[in-house]
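Subject: Structure for you to look at

Dear colleague,

I am handing over the structure we spoke about, and below it I have written down what was found in it. Please read the notes with the structure open beside them.

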Amino acid sequence: MDFFTEILINSIEHFNRFVLYYMIFINAIYTLLFVVSIRALYVDRQKKKYWSYEEMTASSYTPPLSIVVPSYNEEKTIVDNAKALLSLEYSEFQLIIVNDGSKDRTLEQLIYEFKLKKIDMPYRRKLKTKDIRGIYLSALFENIIIIDKENGGKADALNAGINVAEYPIITAIDADSIIERDSLSKVIRPFVEDPTVIVSGGVVRPVNDSIVDKGFIESVKLSTSNLVRFQTVEYLRAFLFGRLGLGNLNALMIVSGAFGVFKKSVVIEAGGYTEDTIGEDMELIVKIHRRMRENKTPYKIVFVPDPVCWTQVPEKVSVLKSQRKRWHKGLMDSMLNHRKMLLNPKFKIVGMLAMPYYFFVEMLGAVVEIIGYVTFLVSFWLGIISLEFFLLFLAVSVLYGIFLSSSAIMLDEYNFSKYENISEYLVLIAFSVLENFGYRQLNAWWRFIAFFEYRRHNKTWGEMSRTAFSPQKSESEEMNG
């Protein structure tokens with residue numbers, strides 16, 4: 001054996017040992033989140049026995065809120081979505097739709113449908129945004145406001161809506177998303193129960209192939225698209241384990257941009273949504289954590305597993321690839337912007353658990369996984385590891401992943417039963433097995449590419465093409481924003 005071959009073999013052996021310890025570290029965190037999530041679901045189930053959402057909706061203790069909807073080229077769905085939001089079961093709210101310089105007829109559709117009139121409305125510009133070209137009120141509904149502004153990106157549109165918002169609680173909802181009629185009452189519950197709650201988030205699920213009529217879900221159907229089925233498994237696992245577990249530890253680092261509720265003053269103190277990032281939803285949560293910890297202010301950022309927001313997800317591989325690369329770059333933005341929090345005891349569980357999880361598992365995981373596949377194959381070829389060990393290691397990692405995914409699916413059926421037929425849950429369990437043989441590796445490859453393509457300060461919305469919801473079938477968007 002020559003000198004260079006010996007160095008190569010030693011390097012591979014050390015890396016293989018690192019991968020083994022890395023997998024143990026990851027599975028330990030997953031196990032912790034799994035246990036915490038199971039307990040949280042039990043507690044939530046017990047609470048619902050003594051909590052009436054109908055009574056809370058009508059209660060004077062329920063805070064009024066402002067719904068901010070950023071929109072860009074949404075002419076095909078914006079009217080139906082606006083009508084659906086106006087019909088939500090909530091005592092007092094205002095709907096603020098921000099037209100972020102759309103190139104289509106988004107504004108014209110809103111003006112015509114809601115009989116809008118341009119007014120000279122004063123407001124406090126606490127967050128810097130692009131110039132507002134006009135503010136419109138409706139002659140039909142007193143609680144709807146339309147803001148027309150120069151294009152500045154999603155974060156800029158959200159900040160403009162927050163500036164105009166009248167109420168102390170705000171919720172940001174994507175224009176292509178649908179929330180259930182009682183979702184606001186459910187996601188606002190933590191604010192009523194605990195005055196230290198400053199952010200609350202709900203579950204997001206794929207709506208593809210469900211029956212949608214006038215902006216509301218009439219019947220939930222599992223999509224016939226295999227790609228959407230894989231994503232449905234991912235969403236259930238991510239929300240019912242990852243976010244629910246971290247939320248109950250007060251270490252939740254992301255509240256989906258499709259459905260989150262915030263205390264307005266806290267968002268403004270944190271500087272609002274960051275414009276020069278493509279992960280503005282995660283960046284805002286991390287900024288809030290950082291500010292509250294640095295100021296030593298008691299607070300809670302919680303996740304509620306019941307309120308549901310339905311969103312269109314990609315049905316084309318090319319679109320999913322773009323989405324996942326964009327998500328990963330947004331994650332990298334937040335991790336690098338706030339790297340001083342990593343393993344910093346000053347930030348307590350956020351710095352010692354949440355940041356290491358997102359940094360070492362979510363951000364670096366794909367790099368380790370892809371290189372790990374290569375080194376294990378080379379190790380087998382060089383005879384460093386036996387076939388039996390290779391297959392055993394692969395089986396253990398795959399089986400544990402299947403266990404977590406299938407557990408999330410079964411817990412969803414037991415607690416929420418969103419799908420009407422048990423056969424749809426059985427199909428999802430089958431896909432929780434199949435995702436480990438190609439789909440998972442493809443996602444890891446996309447994130448691996450994104451890691452090396454990463455460049456900071458990209459704040460574009462991205463080109464999107466919407467399709468109108470159908471009463472018979474909801475068609476997928478060309479790109480999920």
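Three stretches of the chain, residues 20-42, 349-374 and 380-403, carry the annotation "transmembrane region" in an unreviewed UniProt entry. Please keep in mind throughout that this is a predicted model. In the model, the span 349-374 is 96% helix and 0% strand, and its end C-alpha atoms lie 34 Å apart. The span 380-403 is 83% helix and 0% strand, with 27 Å between its end C-alpha atoms.

An unreviewed UniProt entry also gives the annotation "domain: Glycosyltransferase 2-like", which covers residues 66-209. Over residues 66-209 the chain is 28% helix and 34% strand, and the C-alpha atoms at the two ends are 30 Å apart.

Next comes the sheet. It is an open one, formed by 10 strands in the order β3-β4-β5-β2-β1-β6-β11-β8-β12-β7, and the pairing in it is mixed. The edges are taken by β3 (116-119) and β7 (177-179), each of which has a single partner strand, so that one side of each is left without a neighbour in the sheet. On average, and with direction ignored, neighbouring strands of this sheet are turned by 30° against each other. As general background, the strands of a sheet pair through backbone hydrogen bonds, either parallel or antiparallel.

Both senses of pairing can be followed in the model. At the edge, β3 is joined by four bridges to strand β4 (residues 132-138), and these two run antiparallel; Lys118 has Tyr136 in β4 as its bridge partner. Elsewhere in the sheet, strand β1 (residues 65-71) and β2 pair in the parallel sense over seven bridges, and there Ile67 has Leu95 in β2 as its bridge partner.

Strand β2 (residues 93-100) deserves a separate look, since eight of its eight residues are buried, so the strand is largely enclosed by the rest of the structure. Phe93, Leu95, Ile97 and Asn99 point one way from β2, while Gln94, Ile96, Val98 and Asp100 point the other way, and all of them are buried.

Just after β1, in the loop between β1 and α3 (78-86), you will find Asn73. Although Asn73 is not a glycine, it has a positive phi of about 55°, and with a relative accessible area of 15% it is buried. Leu343, in the loop between α10 (317-337) and α11 (348-363), likewise has a positive phi, near 55°, in a residue other than glycine. Leu343, however, counts as partly exposed, at 47% relative accessibility.

Turning to the helices, how far apart are the end C-alpha atoms of α14? Helix α14 (residues 422-434) has 13 residues, which at 1.5 Å a residue should span 18 Å, and its end C-alpha atoms are 19 Å apart, which agrees. Within α14, Glu424, Tyr425, Leu428, Phe431 and Ser432 are buried. These buried residues cover an arc of only 115° around the axis, which puts them on the same side of α14. In general, an α-helix has 3.6 residues a turn, so residues three or four places apart point the same way. On the other side of α14, Ile422 and Leu426 are exposed. The elements that cover the buried residues of α14 include α7 (226-248) and α13 (387-415).

One residue of α13 that is worth finding is Ser405, which is buried, with a relative accessible area of 1%. When residues up to four places away in sequence are not counted, Ser405 touches Val233, Arg237, Ser432 and Glu435.

Lastly, Val266 is found in helix α8 (residues 264-269) and is buried, with a relative accessible area of 7%. Leaving aside neighbours within four places in sequence, Val266 is in contact with Ile198 and Ile288. Val266 and Phe141, by contrast, are 125 residues apart in sequence and 29 Å apart in space, taken from C-alpha to C-alpha.

With best wishes

Note on methods
Residues numbered from 1 in each chain as written. Predicted model: local features only at pLDDT ≥ 70, side-chain atom pairs only at ≥ 80, totals over all residues. Heavy atoms only, no water. Expected span 1.5 Å × (residues − 1). Buried < 20%, exposed > 50% of the residue type's maximum accessible area, 1.4 Å probe, protein only. Arc of directions from axis to C-beta. Contact = heavy atoms within 4.5 Å. UniProt positions renumbered as here; feature names shortened; annotations may be inferred. Pairing = 2+ DSSP bridges. Axes fitted to C-alpha atoms, helices over the stretch in contact; angles between N-to-C directions.
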